[in-house]
Amino acid sequence: MFDRRLLVHFDWLLFVLVLALVGIGIMGVYSATFEGHTRLSSLAVRQIGWAGLGFIAMLVVFAVDYRELERLGYFFFGVTLVLLLLVPILGSFGGGARRWISFGFFSLQPSELAKISSLLVLAQYLHLVAPPQGYALRDLIYPGVIMALPAGLVLTEPNLGTATIIGLVAMTLVFAAGIRLNSLATLGTVAGGLLLPFWHFYMKPYQKERIVSFLHPDSDPLGTGYHMIQSKITIGSGQLWGKGFLQGTQNRLEFLPEKHTDFIFAVLAEEWGFLGVCILFLLYGALLARLLVIAGKARDRFGSFVVLGGAAIVFWQVLINVGMNIGFLPVVGVPLPFLSYGGSSLLAVMLAMGLALNVSTRRFLF
């Protein structure tokens, strides 16, 4: 029987914030793919469809008690690993990488779902294992191996951006749960020591070129530095007020590459200007603040860590994507949450918001 208290205590503020960001995203995709007539482009139509599916998925996740989802965490994690293992066999190519599995009428990017399933498993571990003196290195071996499995498979696609997000979210949760200072220092030293062999033995030539272009964007302005240079020109051309909806010349004249995915922030900045970008950041800030409040008031550690993980996904993706767009960080292919075109990324972040709605509402029920 449906519990009416779910409606009474429903977190409408969080829901409205998500609705607003998804709406801005649809407007952005429509503008980035505008073809000069009022008819929606096929990409904008697909994004609307993905948004509808995302809201359904968000409400389904909300309807199931999150304590049941804790028990099912390893099942979802196992399904995600199987899908990631199938990517090299059945996956389709796009943008120089094999990341998607086609299911006929839609394609799924398992690496996006890996963010959510990894979050469930890590939150469960941190819930059940809570050393009073903080986590020592030996306490982090098991969750480290668990996180390395999806991150390693995602790296082989290759998808450095998503693997980085999985790692950053895990680090955020462990830091919030409490790690001993000597363990933190050791992990930092080990991570720093692995950078050089990672550069030499793992990174693809095009990934190294992106790093070099980030450090010296003018060294190859028509090649590897083109994305970043055009993005900065597009953002700057918006000035204070912007050029207006559907009036962005850098966008319309096709100077800006990947404008509906990784560089949709530049499209919005050109059309809405500095003030519009400030409003967008206020919405993201309000969303993150609401998630932190929910995490702080959760009835148990699992709920708290799940919501904190959702906030970490949004925070790190916004930071890295905007950093890419304004030239402060190298281009690593991280989508802007709720805004970039892409069904899998939108579905993943809305699943995270469904979990947050779940935890927020059920703190009143038990």
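In which helix does F75 lie? In this predicted model, F75 belongs to helix α5, which covers residues 73–90. With a relative accessibility of 53%, and exposed meaning over 50%, F75 counts as exposed. F75 also takes part in a nonpolar surface patch of about 340 Å², made together with L72, F76 and V79.

Helix α4, residues 66–71, carries a salt bridge in which the side chains of E68 and R71 meet at 2.7 Å, N to O. Because these two residues are three apart in the helix, about one helical turn separates them. Their surroundings can be described one by one: E68 is partly exposed, at a relative accessible area of 36%, whereas R71, at 58%, counts as exposed.

A salt bridge with the same spacing in sequence is found in helix α6, where E112 and K115, three residues apart, are again separated by about one helical turn. The closest N and O atoms of E112 and K115 are 2.7 Å apart, and here both residues are buried. That fits the setting of α6, a helix that is mostly covered, with 17 of its 19 residues buried. The geometry of α6, which runs over residues 110–128, can be checked as well: at 1.5 Å a residue its 19 residues should span 27 Å, and the end C-alpha atoms are 27 Å apart, so the two values agree.

The salt bridges come to six in total, and another of them joins the side chains of K259 and E254 at 3.0 Å, N to O. In this pair K259 is buried, with a relative accessible area of 10%, while E254 counts as exposed at 54%.

Turning to the aromatic rings, the count comes to twelve aromatic pairs. Among them is the pair of F15 and F55, which is edge-to-face, with 5.8 Å from centre to centre and 65° between the planes. This pair links distant parts of the chain, since F15 sits in helix α2 (residues 12–32) and F55 in helix α3 (residues 42–63), 40 residues apart. Both F15 and F55 are buried, and ring pairs link them with F10, W12 and F62 into a cluster.

Finally, I320 is located in helix α14, residues 301–326, and is buried, having a relative accessible area of 10%. Apart from neighbours within four places in sequence, I320 is in contact with I165, L168, L329, V332 and V334. The C-alpha atoms of I320 and L275, by comparison, are separated by 21 Å, the two residues being 45 apart along the chain.

Methods. Residues numbered from 1 in each chain as written. Predicted model: local features only at pLDDT ≥ 70, side-chain atom pairs only at ≥ 80, totals over all residues. Heavy atoms only, no water. Patch = residues over 30% accessible without salt bridge, like charges linked within 9 Å, V, L, I, M, F, W, Y side chains within 5 Å. Areas by Shrake-Rupley, 256 points an atom, 1.4 Å probe, with all protein chains shown as cover. Salt bridge = Lys/Arg side-chain N within 4 Å of Asp/Glu carboxyl O. Helix = DSSP H or I, 4+ residues; strand = E, 2+ residues; numbered from the N terminus. Buried < 20%, exposed > 50% of the residue type's maximum accessible area, 1.4 Å probe, protein only. Contact = heavy atoms within 4.5 Å. Expected span 1.5 Å × (residues − 1). Phe/Tyr/Trp six-rings, centres within 6.5 Å; stacked < 30°, edge-to-face > 60°.
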